[in-house]
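This report is meant for a reader who is meeting the structure for the first time. Please look through the sequence and the model before reading on.

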Amino acid sequence: MTRVLLTTTSFQDTPGAHHDMLAGLGVEVVRERGPLPESRMLELAGEFDAFLCGDDAITAAVIDKSLPRLKVISKYGIGLDKIDVAHASAKKIPVLFTPGVNHTTVAEHTFLLLLALEKQLLFHCDSTRSGGWKRKTGHELLAKTIGIVGLGRIGKEVAIRARAFGMEVIAFDVYWDEAFAAQHNVRRAATKEEIFAAADYISLHTNLTPETRDMINAKSIATMKKGAIILNCARGEIVHTADLVEALNSGQLGGYGADVLDQEPPPADHPLLKLPNVVITPHIGSRTYESVVRQASCCVSNYKSFLEGKIVNQANKF
């Protein structure tokens, strides 16, 4: 019987039509609580025809040990940096993903982080919950400049919401959508560095690649406005953690709001977790009932199409 490894917890924990869709495929489903490290994936490798995965470590070694049985990887989500896509392609393993399902939810979460920082939300909630009535003065978003690195689906939704707040929007993307930019009054930056120098808020919505890893570092932070806030709903590794912590402690950066970290889950002593000008959420930017059902349904639908001999939403062409 065909065996499928399902690891993503939001798929498993959220009710919705995707459960019936998966059950209707007539395959044996083995459930694990991901994201799984390479060591656990290697223990499981070789026993499954398909992975329905989240951010599990699907390395070259995992792929090799999974062969010849493994036939397809169906990713729940859009980020593929935890999968060795090049090696999957070399082994003729299709990697499927779910574009266009979480952009609304992640854009909303970006503004949750920003508002929490600018309105001192956590300080005020902690005060009232402890019986106090301490108050700090915050900032409004009106007329501030937000710089968006990556004007894809999520970046565009952030831009739309920023304009609704009365903000100035500047963005950088290699693939520029001139029609969208004109419609929403988004100014094009020629380089990322232009955004770093101009923005009060820098919102990261780019893939993790060798070029973007540690893109936010001591050198780039030094070019930013003093007191700038960085928002990261992309990948934790885009930011150099030690450099970020130093800038937050010195006041060069005013705050950091992120839904991702360089280690997930983080150790208890992770340096970003206790800083007063940092808001971290546990990678739940796309974890809403609406978005989970869309992502999970697309993930299952992609796999169903594969079983029927029709490959859709394939990230690796070979």
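## Terms and model

Two strands are said to pair if DSSP finds at least two bridges between them, and the strands themselves are DSSP runs of at least two residues, numbered from the N terminus. By that rule β3 and β4 are partners, because 4 bridges join these two parallel strands. The model described here is predicted, and the sections below move from the sheet to the helices, the internal spaces and the backbone.

## The parallel sheet

The sheet is open and is built from 5 strands in the order β2-β1-β3-β4-β5, with parallel pairing. Its edges are formed by β2, residues 28-31, and by β5, residues 95-96, each of which pairs on one side only.

Strand β1, which covers residues 3-6, is joined to β2 by 4 bridges in the parallel sense, and to β3 by 3 bridges that are likewise parallel. Individual bridges show how β1 sits between its two neighbours in the strand order: Leu6 has Arg31 as its bridge partner in β2, while Leu5 has Phe51 as its bridge partner in β3. On the β4 side, Ala50 stands opposite Val72.

## The two faces of β3

In a regular strand the side chains alternate between the two faces of the sheet. In β3, Ala50 and Leu52 point one way, whereas Phe51 and Cys53 point the other way, and all of these residues are buried. Two of them also appear in the bridges described above, Phe51 as the partner of Leu5 and Ala50 as the residue opposite Val72 in β4.

## Helices α13 and α2

Helix α13, made of residues 289-307, lies across β1, β3 (50-53), β4 (72-75) and β5, and it runs at about 155° to β4.

Another helix, α2, spans residues 17-23 and contains Ala17. Is Ala17 buried, exposed or partly exposed? Its relative accessibility is 46%, and because buried means under 20% and exposed means over 50%, Ala17 counts as partly exposed. Although Ala17 and Ala296 are 279 residues apart along the chain, their C-alpha atoms are separated by 8.9 Å.

## The second largest pocket

The second largest pocket holds about 540 Å³ of space. It is lined by 30 residues, of which Leu117, Gln120, Gly254, Gly255 and Asn277 are the closest to its centre. By type, the lining divides into 14 nonpolar, 8 polar and 8 charged residues.

Which elements each supply at least two residues of this lining? They are the helices α6 (103-118) and α7 (121-129), together with the strands β10 (228-232), β11 (253-258) and β12 (278-280). The largest share comes from α7, which gives 4 residues to the lining of this pocket.

## The cavity

The structure holds 1 cavity of 30 Å³ or more, and the space within the largest cavity is about 30 Å³.

The lining of the largest cavity consists of Gly236, Val239, Thr241, Tyr256, Val260, Leu261, Asp262 and Leu272. These residues divide into 5 nonpolar, 2 polar and 1 charged.

## Backbone features in loops and the final segment

Most residues other than glycine have a negative phi, and most peptide bonds are trans. Against that background, two peptide bonds before proline deserve attention. The bond from Leu67 to Pro68 is cis, with omega near 5°, and Pro68 lies in the loop between α4 (60-66) and β4. The bond from Glu264 to Pro265 is also cis, with omega near -10°, and Pro265 is placed in the loop between β11 and β12.

Positive phi values occur at His283 and Asn313, neither of which is a glycine. For His283, in the loop between β12 and α13, phi is near 55°; this residue counts as partly exposed because its relative accessibility is 30%. For Asn313, which belongs to the segment after α13, phi is about 50°; a relative accessibility of 32% is why Asn313 also counts as partly exposed.

Definitions and conventions. Residues are numbered from 1 along each chain as its sequence is written. This is a predicted model: local features need pLDDT of at least 70, side-chain atom pairs count only at pLDDT 80 or more; totals for chains, interfaces and linings use all residues. Side-chain values use heavy atoms; hydrogens and water are left out. Contact means heavy atoms within 4.5 Å. Axes are lines fitted to C-alpha atoms, for helices over the stretch in contact, and angles run from 0 to 180 degrees between N-to-C directions. Buried means under 20% relative accessible area, exposed over 50%, partly exposed in between (1.4 Å probe, protein chains only). On a 1 Å grid over the protein atoms alone, a cavity is a set of points where a 1.4 Å probe fits but cannot get out, and a pocket is an open set with protein on both sides within 12 Å along at least five of seven lines; lining residues have an atom within 4 Å of a point. Grid points are joined across faces, edges and corners, and a volume is the space filled by probe spheres set on the points. Ala, Val, Leu, Ile, Met, Phe, Trp, Tyr, Cys and Pro count as nonpolar, Asp, Glu, Lys and Arg as charged, and the others, Gly among them, as polar.
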